[in-house]
Structure formats: C-alpha cells, structure tokens
Amino acid sequence: MADLDIGKHCQIDSCNLKDFLPFVCDSCSGVFCLEHRSREAHSCPEESVKREPRTAGGSTSYSCSFEDCKGKELLPVICPQCEKHFCLVHRHQDDHKCEKLEVQKPRMAATKELVQKIVESKHGSKSKGRRGAKNSATAAKVALMKLKLHAAGDKGLPQTERTYFQVYLPKESKDSSQPMFFCSKWSVGKVVDYAASLASLKNNNNVLTAKKLRLCHPQTGEALRMDDTLFSLLAHPETPLYNGGNVILEYLDNESIGLGDVSDYITQT
C-alpha cells in the first residue's frame, strides 16, 4: 500500500513541523503550524501593509487590526494600550481581545484596592456603610419610576435588559445631568461612548495623550474599569451601582484613579 502524504510542513525554517491540519495565513497565504499561525508569530510580511491607512478613490481609510475583520474607518481609531487601529465594533479592549488587557488588570486591581481603603477610612465602620447602601438602594427604587418616563436611550433594547441612571455630566457641560438608560450587558467603555453621544460630549478616549472621559461611582468617586459590565457592577457585594441610581461622567487625566470630591456633582444623603 502506498504511503498517504497528508498535511504540510510549517514554512518557518526553524520549525518545519508537519501539521496534519495546517493553517493558511489570510494575509500572506503562507502555510503554518498551530504555534506559528498568528501573523505576529510568523512575522507576516503583509501585516504592516494591512495596518497602514489605505487610499482608495482619493480618500484614506484605516483597516481594522482584529483578526478576520474587514472593517475600515475614515478616521483612525487607535487602542491606547496596544496602539493598533480598529473599527468601531472592535475599538474596546475586551472586543478586540487586546494583548495588553491582561497586563492592565493587576494594576487596576491594586488601584481598586487603594480606592477601597480610602473610602473605608472616610466612611468609618462597615455598619455605617451598610446603612448608606440601604438608603441608596431605596432612593434608587423611588427614582427608577421617574427615570423610566424621561430617560433617553436605545428604544430597541428589551425592557429586561435596560439599566437606568441619572448621569451627572462633566463640570464644563451646560447641563448638570441627564436621565439615560443602557444595556446591562454593555461594558463601561460602551456606556461611556453611548452617554457621550447622547449628551453631545467631546470624546477623545481613542487619543493616547488626551484626557479620558470616565464613568465614576457616585459614592466613592472611583473611576470604574472600562472592561467591567454594568451587570457585574450592579451585583457588586460592597459598593454596587443601582438601577435608578446615579453615575458621574468626568474628564480625568490618564493616571487619575477617580474624582476628588463627589459632592461637587451630587449632594450625598
């Protein structure tokens, strides 16, 4: 019986591994093994070309760097962490599986721990904190009915997925706050972008050196993580957000971990 010639060898000279299910690069059309299938792993010669702005018909477009995405934008949308171009669908770190995302989480966790210690030192005992949480939850339930009558948002969202907030706007805004609703499955980053659009706020979150528009906790002033979802924040065991409650939008420096004093925006009860 003749031997069956199944599979192909990896084109990386130092590897040359024969893979029975080889991968073909959609950029350079090379054949690679599992280990070298990504563009970065085999130093794809077409990679740099794909990420450069392309000119077609006299206009420049920017191709999305997310694998297999064919999206393009007329203006550059750059991730501040990995500094690659993405389309609007994949602009958030969690949506394009940012290679820098895992590096950021430990630092953000440490920041969150620091903020929590500051909050505890200001607010005293845990029993006092529990009373404050109970008052906030009660106030949110009362406010929710009113918010549902006036809040702006995507009317196509199912009622079961809507989360309502009184959104306090940056100090420089002409309005102090606006009622809005969002999808509970959205990340904080998507909420910030959508709220900025509803309130006609300048949003330079894709510009590395610019101040960032951040969503902040109404009691602690902490800048919420952009990759956290509203659902997880509503279920937070210690400092939850409340459906019908308040949140704060403000422009912060890149190294800032939150607001100095939330009473500048909301009168705490």
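Let me start with helix 4: what covers its buried residues includes strand 9 (177–183), strand 10 (212–216), helix 5 (230–234) and strand 11 (245–252). This is a predicted model, in which local features need pLDDT of at least 70 and side-chain atom pairs count only at pLDDT 80 or more, while totals for chains, interfaces and linings use all residues. Residues are numbered from 1 along each chain as its sequence is written, and side-chain values use heavy atoms, with hydrogens and water left out.

Some terms before I go on. Helices (H or I, at least four residues) and strands (E, at least two) are DSSP runs, numbered from the N terminus. Buried means under 20% relative accessible area, exposed means over 50%, and partly exposed is in between, with a 1.4 Å probe and protein chains only.

Back to helix 4, residues 188–198. Its buried residues are Val188, Gly189, Val191, Val192, Asp193, Ala195 and Ala196. After the helix comes Ser200, which has a positive phi, near 55 degrees.

Next, the sheet. Here 4 strands form an open sheet with mixed pairing, in the order 9-8-11-10. Strand 9 and strand 10 are the edge strands, and each pairs on one side only. Pairing requires that DSSP finds at least two bridges between two strands. From one strand to the next, the twist averages 35 degrees. Helix 4 packs on this sheet and touches strand 9, strand 10 and strand 11; its direction makes about 135 degrees with that of strand 9. For such angles, axes are lines fitted to C-alpha atoms, for helices over the stretch in contact, and the angles run from 0 to 180 degrees between N-to-C directions. Contact, or touching, means heavy atoms within 4.5 Å.

At one edge, strand 10 and strand 11 are antiparallel and share 5 bridges. Arg214 stands opposite Glu250 in strand 11. At the other edge, strand 8 and strand 9 run antiparallel and are joined by 7 bridges. Strand 9 is mostly covered, with 5 of its 7 residues buried.

Now one residue in strand 8 (residues 162–168), namely Thr163. Is Thr163 buried or exposed? Thr163 counts as buried, because its relative accessibility is 2%. Its bridge partner in strand 9 is Phe182. Leaving out residues up to four places away in sequence, Thr163 touches Met180, Phe181, Phe182, Ser184, Leu230, Leu234 and Asn243.

Pro158 sits in the loop between helix 3 (126–150) and strand 8. With a relative accessible area of 38%, Pro158 is partly exposed. Between Pro158 and Cys183 there are 8.6 Å in space, C-alpha to C-alpha, and the two are 25 residues apart in sequence.

On to the surface. Ile6, Phe20 and Leu21 form a nonpolar patch there, with about 370 Å² of accessible area together. Leu21 is in the loop between strand 2 (18–19) and strand 3 (23–24), and Leu21 counts as exposed because its relative accessibility is 69%. Patches are made of residues with over 30% relative accessible area and no salt bridge; like charges are joined within 9 Å and nonpolar side chains (Val, Leu, Ile, Met, Phe, Trp, Tyr) within 5 Å. A salt bridge is a side-chain nitrogen of Lys or Arg within 4 Å of a carboxyl oxygen of Asp or Glu.

Last, the whole chain. There are 5 helices and 11 strands, and 42% of the 269 residues count as buried.

Note on methods:
Areas by Shrake-Rupley, 256 points an atom, 1.4 Å probe, with all protein chains shown as cover.
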